[in-house]
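User: Could you walk me through this one? I'd like to start with a single chain and then move to an interface.

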Amino acid sequence: MLTIKTIDDININERLYQLNLGPQHPSTHGVLHFLLTLDGEVVVKAEMLIGYTHRGHEKMAENRIYEQFYPNTARMDYLSGMIFNTGYCETVEKLCGIEVPKRAQYVRVITSELNRVASHLLGIMDFVMGIGAYTPFLYGWDDREQILDLLETISGSRLTYNYSRFGGVRVDVDQAFCDGARRFVDRLRGRFKLYKDLITDNIIFIKRTIGVGVISKDVALDYGVTGPTLRGSGVKYDVRKNEPYSSYQDFKFEIPTKEEGDCMARYLVRMAEMEQSLNIIEQALDNLPEGPVRADVPRFITPPAGDCYHSFESARGAVGYYIVSDGTRIPYRIKVRAPSFSNLFVMNKILPGHFVADLVAIFGSIDVTVPEIDR
Amino acid sequence: MNTSYGFKEYVKDIFTGSKSLVIGMGVTLKRLFQPIVTVQYPRQKPIMTPHFRGHIEAILFDDNKSHHCVACGLCARTCPSHVIKVQGEKTKAGDKKYGKKYFIDFTKCSLCGLCVDVCPEKTLKFSNEYELAFFSRWDGVMDLMQRLEERK
Amino acid sequence: MNMTQLPIIKDVYGFLGPDLMACVTGLLLILMFVPLNSAFLVWVERKVAGHIQLRPGPMEVGPHGILQSLIDAVKLMCKEMITPDLADKYLFWIAPCTVVIPAIVCFVVIPFSPIMQVRELNVGILLIFAFSSISGLSILMGGWASNNKYSLIGAVRAVAQSIAYEIPLLLSTMSVIIMSNSLKMSEIVAAQSPVWNFVWQPVAAIIFIICTTAETNRAPFDLVEAESELVSGFHTEYTGMRDALFFMAEYTAMFIGSSMAVVLFFGGWYGPFFSGIFWFVLKAYLLVFVTVWIRWTFPRLRFDQLMNFAWKVLIPISLLNLLVTAIVIKVL
């Protein structure tokens, strides 16, 4: 019977050894460094060392005007750049009291949800690839490619969109985009069976994920976990529903939750969330109002002195932007609350007792983007 | 945690597991004979959408067979990466200014599109070029006005 | 014209004698076949993986990229062979050398057709099992000598895995041996002339294929390499041609495993219309295709699950299968 001793029980030189997993490692997306203390292959203690991609986005914000911070937003979480970009614009609009036209809000919802689906697809498939199946990854990539093509037709870019602007969006959507989005919704709905056959029902996948990396409700709440990871632990919290922003109150959608809190639950929550996102996209396309897509805002914005906190749901959880303005064109301080940070550090709590192979699975199922943590 | 793993579950696992594996293999076998979806890049070139954001480019207007740049410098000021340098010159009559040289350092550009948004004369657009790899750092520095002359 | 009448051949023939002559030519053929076969299999693997993933795979070098792996081999030969500073130099050097030994030796006893067998041994099957276990030793040596924690974990996994999977492998082979009453490869094949053993022993055949997949460290049992966990397992520190030797051994082991399955269960050189080497090679490559296909479909098992699967599923079932076979043979 294998009993895992804690690090204090035995002499470290005697039987435990340390393993540096990362910063250059095939499955630590980006550059995350795990300093693991292992007993055989069982993790006794895990330390996450971050900061390898620190670029100082928050400090950069203090040296440039509000508009110039657009490109930085998408580069924090490069997988849901549209959501981060839109969220930043919403925060500044909230600070200045700008009323965004309804059409622009709907377009933002459509693009954000498409981006969320793209991010979830990548997150899920990367998780599956971490477990060892390479082919589903490329099938997911194929679907994601459709979204990127679609978003490219309106924003002109595939990853760092810079599509939202203060008071609206940069380019109006055309009929071709709407048709393409509808086609994509139908296509992805048809593809869910493929993923079910290839991944969800697969016995190896089930054995690798059920009961692995259980985050209980209390632990999740204690560590400030948000997003699909929190919902996988059975907490029904989604910023889109609990504190609706933009036009999310107009749409009917569910918050999928699972009680188990293991890797499988998080995977299923993401899968269900993609379906909900497709519903939102469809409703928004059906009810897309006519009108302008950009409010009348000055060329360079000058918010009044004061501060503002805005929270929104990215693909990884609740993001918060806190902006302090001193009444000039340059922000005094921008603070970003990145969901990946709290989601990652819950691994500290749950990793001990798991295998190294499980670490990859848990890390994949939590779906962290490291640049977002390091900023 | 999962305590009730008896003989029945064991047998059931073997059968459902084998079935799921066979189904999964069927999925991949079907894909083996489907047409490929990738583009063989250097042999086939993808077509960019009209909104594609390459580097910026001066628009050639029909009315004066040239650009409308007045060298106001808003684009240079709004650029987050300080990529743009504009040099203006007074016209012969001396009443108007126009852009003579317009340098961008594409290697530093983050393609945010603020310069295009901010231009009061709407004389900037994005090019559709995407093959923007250079052998030298200086190849990334381009003069838009010169490129415009070449396009005429 | 009889080849043995040519002067030079005649001299050599007279000098060596027919038996030794066959051995020398056979070994030369094997030495040529092993690298070419693994180059071809690498290409097949990349091509199948590509098309399963809806992309074309290698396309540039030669028609449909068929020369790609040869070019890769040239590249690997040109590369510097780095020995890590803290590695055990001799073991580190020996491991890739020993890993190709079973790859070559096992071919000696495989009967491609009634006449195309380098050496007929009474205990051909035993020889293959004995030598194929050497690869486990070389993996352990390579992983240990690298002095890298990833390599060490990979090597330790390899040893545990090969112990666990050798047992059901032998048990499933035993049921065939009981049926054909011989350890001679050619006799086992000859015993299958009307009906393949697969018809009588489907369970043993499936267990055999699963176990060879695990023995050759192929996905879903590729825990020894496990790219997403252990970077590339035991050969993390190997570069250039040494790495290529490990690769070659892996693909050759795959072919040997498939050949064994063909000999034991799929009727060897027998096929419809005529019998001969064509059917043997075709069946062997089809089985190789199946392993490649499996690799690109399934996720990887975790280490304890791998062990559970061997000890709790494969061994009981193969034991049961052996028991039933023995009883049926005895009763009939």
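Analyst: What follows takes chain C and then the contact of chain A with chain B, bearing in mind that this is a predicted model.

User: How many helices and strands are there in chain C?

Analyst: Chain C has 13 helices and 0 strands, so its elements, read from the N terminus on, run α-α-α-α-α-α-α-α-α-α-α-α-α.

User: And what about its radius of gyration?

Analyst: The value for chain C is 21 Å, which agrees with a compact globule, because 332 residues packed in that way would give a radius near 20 Å. Along the principal axes, the C-alpha atoms of chain C fill a box of roughly 60 × 55 × 40 Å.

User: What share of the residues in chain C is buried?

Analyst: Of the 332 residues, 52% count as buried, and the accessible surface of chain C comes to about 14,900 Å², with 74% of that belonging to carbon and sulfur atoms.

User: Which charges does chain C carry on its side chains?

Analyst: There are 19 positive and 20 negative side chains in chain C, and the centres of these two sets lie 4 Å apart.

User: Switching topic, how much area do chain A and chain B bury between them?

Analyst: Together they bury about 2,500 Å², of which 56% is on carbon and sulfur atoms, and the contact takes 36 residues from chain A and 31 residues from chain B.

User: Which residues in chain A lose the most area to chain B?

Analyst: Those are A:Q68, A:I203 and A:R299, which together account for 19% of what the chain A side buries.

Note on methods. Residues numbered from 1 in each chain as written. Chains lettered and ligands numbered in written order. Predicted model: local features only at pLDDT ≥ 70, side-chain atom pairs only at ≥ 80, totals over all residues. Heavy atoms only, no water. Helix = DSSP H or I, 4+ residues; strand = E, 2+ residues; numbered from the N terminus. Rg over C-alpha atoms; globule rule 2.2 N^0.38 Å. Buried < 20%, exposed > 50% of the residue type's maximum accessible area, 1.4 Å probe, protein only. Areas by Shrake-Rupley, 256 points an atom, 1.4 Å probe, with all protein chains shown as cover. Lys, Arg positive; Asp, Glu negative; His and termini not counted. Charge placed at Lys NZ, Arg CZ, Asp CG, Glu CD. Contact = heavy atoms within 4.5 Å. Buried area = accessible area lost by both parts, 1.4 Å probe.
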